[in-house]
Amino acid sequence: MTSKISLDSVPLVDNHCHIGMYEQRYGNAFRTVRQLQEQYAQGGIEASLPMGDWREYSKALHGNKADRLREMDGRHGLRRLTDRTVQMFESTIFSRALEIGCTELHGEWADAELLAQAVIGSRREGLAPFYKRSLALGGFRIALVDTPYLDRALWPEEGFKWIARLDPFFYPFGPGAIAGRGTAIKAGHHARFTAELKKVLGEQGLKAIPGDLADYVAVAERALDSYLERGAVAFKVVSAYVRSLEFLPVSEREAARVFGDLSRGKRGESKLLEDYMAYRLLRWAAEREVPVQVHTGMGVPEPGMDFQQSNPLKLESVLMDESLNTLQLVLLHGAYPFCSEAGALTWLYGNVHLDFSWIVYIHHHFLIDRLSEWLEMLPAHKLLFGTDTGLPEMHLGASRLGRRALEAALSRGVEDGLWNPVQAFRLGERVCYRNACDLYGLSAG
Ligand SMILES: [Zn+2]
């Protein structure tokens, strides 16, 4: 009997991705392969421009100001800088994943011009039909989508499950001053939180944030109710991009005092209100048995994230809270570079699960080693397959590489006598789709 495990026949549930996000007025706007490549080059550009010019460039880029960008290109040689940075990424697994997806979907990779034409051509009838073809090729049955809104005409309920964010309710009075490198990333996240909160207030017939904390909490809880009515299967916390994952318990009296201060423009203690709201809403989710995904570890490839604050060990105060012991918590991205810390938390707490999205197209051998680490130590129901992409080409490439890494880790275990082939295959099935189906109450049949 061969020790090589094949998961080709096994369907996938994507625990975390961003399908359809480009259609939003805000969000990641990756319509093409080139746009995704350029996003990964942003860190190189940021490190080559004076900060004032970088901010100007970033604003023009996100605002789609072609004239401004042309003028800045003349001044700084931005085109050449971007090309060079994109080129330097060619040796990475990120690029390999794109190559796999592009070759399979377009039959092209080496010629950038031909590839660009094929990418545009594939989207002529809209992104959705092409995207669905890519997902079918990858063997995806269901995708859990982190996005402000899913257009159900394009992305039907059956295959696309919505993940709604809790963060907009943590910052009712905005972020205050943001300074230092990565300002644009933090400001961008806060802009999305503010926009969502404004939308929620509008839906509830309110023109402003209510005057006291209890009324404000009621607004947030009504919004979460409406998210569930609209089909959300889980919530997400993405605040590691803007603050520490250390949420500490805060009394209602203390939170009400800070709420009052903030509403009168007195800043300084906003973290106390953020922490209070996080606990309130996590408890709300726990009571309704709705899982919560948490961004842990690395962030987008340009400065902005304080890695020390995104260490999943910062979540220990939440995990130690008695009222949250039944909250199903999913650590996203294997918490890279804190993969073993994430594994340890997942091992220790029965209510913690571990997703390895994003890692699938950033690492290969490292991922195989981490999968070995996690598969050997964790019970079979803990690990979740995810991609973390919103681009069809990357989705397919990431799924191919992710499957390959999982097969390699399982095959290695069989070779070393850790599992027999049947056990290893069953474990692969759990990671690919069964665990997600159990956790979110889905059927991938
Ligand atoms: Zn993501």
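**Exercise 1. In which hand does H10 pass H12 in their crossing?** Characterise the packing of the two helices in this predicted model.

*Solution.*
Step 1. The crossing in which H10 passes H12 is right-handed.
Step 2. For the geometry, take helix H10, residues 213-229, and helix H12, residues 270-287: their axes come within 11 Å and cross at roughly 40°.
Step 3. Angles under 35 degrees count as roughly parallel and those from 65 to 115 as roughly perpendicular; H10 and H12 are therefore oblique to each other.
Step 4. On the side of H10, the contact is made by Leu213, Tyr216, Val217, Ala220, Glu221, Leu224, Asp225 and Leu228. H12 contributes Leu273, Tyr276, Met277, Arg280, Leu281 and Trp284.
Step 5. Sorted by class, the contact of H10 with H12 has eleven nonpolar and three charged residues, and no polar ones.

**Exercise 2. Classify the packing of H1 against H6 and against H5, and give the composition of each contact.**

*Solution.*
Step 1. H1 and H6 have axes 12 Å apart and pack at an angle of about 175°. Since angles over 145 degrees count as roughly antiparallel, H1 is roughly antiparallel to H6.
Step 2. Val33, Leu36, Gln37 and Tyr40 of H1 meet Phe94, Leu98 and Cys102 of H6. The contact of H1 with H6 divides into six nonpolar residues, one polar and no charged.
Step 3. For H1 and H5 the axes are 9 Å apart and the angle is about 90°, which makes H1 roughly perpendicular to H5.
Step 4. Here the contact is made by Arg34, Gln37 and Glu38 of H1 together with Arg79, Thr82, Asp83 and Val86 of H5. The contact of H1 with H5 comprises one nonpolar, two polar and four charged residues.

**Exercise 3. What kind of aromatic pair do Tyr40 and Phe89 form, and which parts does the pair tie together?**

*Solution.*
Step 1. With ring centres within 6.5 Å as the criterion for a pair, the count comes to 17 aromatic pairs.
Step 2. The ring centres of Tyr40 and Phe89 are 6.1 Å apart and the planes stand at 85°, so this pair is edge-to-face.
Step 3. Tyr40 belongs to helix H1 (residues 33-40), whereas Phe89 is in the loop between helix H5 (78-88) and helix H6 (93-106); the pair therefore ties together parts that are 49 residues apart in sequence.

**Exercise 4. Describe the sheet: its strand order, its edges and a helix that packs on it.**

*Solution.*
Step 1. The sheet is open and has eight strands in the order S1-S2-S3-S4-S5-S6-S7-S8, with parallel pairing.
Step 2. The edges are strand S1 (12-17) and strand S8 (383-384); each has a single partner strand, so one side of each is left without a neighbour in the sheet.
Step 3. Within the sheet, strand S3 (residues 160-165) pairs with strand S4 (residues 232-237) in the parallel sense over four bridges. Trp162 stands opposite Ala232 in S4.
Step 4. Helix H14 (residues 339-348) packs on the sheet and touches strand S6 (329-332) and strand S7 (352-355). The direction of H14 makes about 145° with that of S7.

**Exercise 5. Identify the backbone features of His333 and of the bond between Tyr336 and Pro337, and locate them.**

*Solution.*
Step 1. As a reference, most residues other than glycine have a negative phi, and most peptide bonds are trans.
Step 2. His333 has a positive phi, near 65°, and is placed in the loop between S6 and H14.
Step 3. The peptide bond joining Tyr336 and Pro337 is cis, with omega about 5°. Pro337 lies in the loop between S6 and H14.

Methods: Residues are numbered from 1 along each chain as its sequence is written. This is a predicted model: local features need pLDDT of at least 70, side-chain atom pairs count only at pLDDT 80 or more; totals for chains, interfaces and linings use all residues. Side-chain values use heavy atoms; hydrogens and water are left out. Axes are lines fitted to C-alpha atoms, for helices over the stretch in contact, and angles run from 0 to 180 degrees between N-to-C directions. Helices (H or I, at least four residues) and strands (E, at least two) are DSSP runs, numbered from the N terminus. A crossing is left-handed if the near helix is turned anticlockwise from the far one by less than a right angle, and right-handed if clockwise. Contact means heavy atoms within 4.5 Å. Ala, Val, Leu, Ile, Met, Phe, Trp, Tyr, Cys and Pro count as nonpolar, Asp, Glu, Lys and Arg as charged, and the others, Gly among them, as polar. Two strands pair if DSSP finds at least two bridges between them. Rings of Phe, Tyr and Trp (its six-membered ring) pair if their centres lie within 6.5 Å; planes under 30 degrees apart count as stacked, over 60 as edge-to-face and the rest as tilted.
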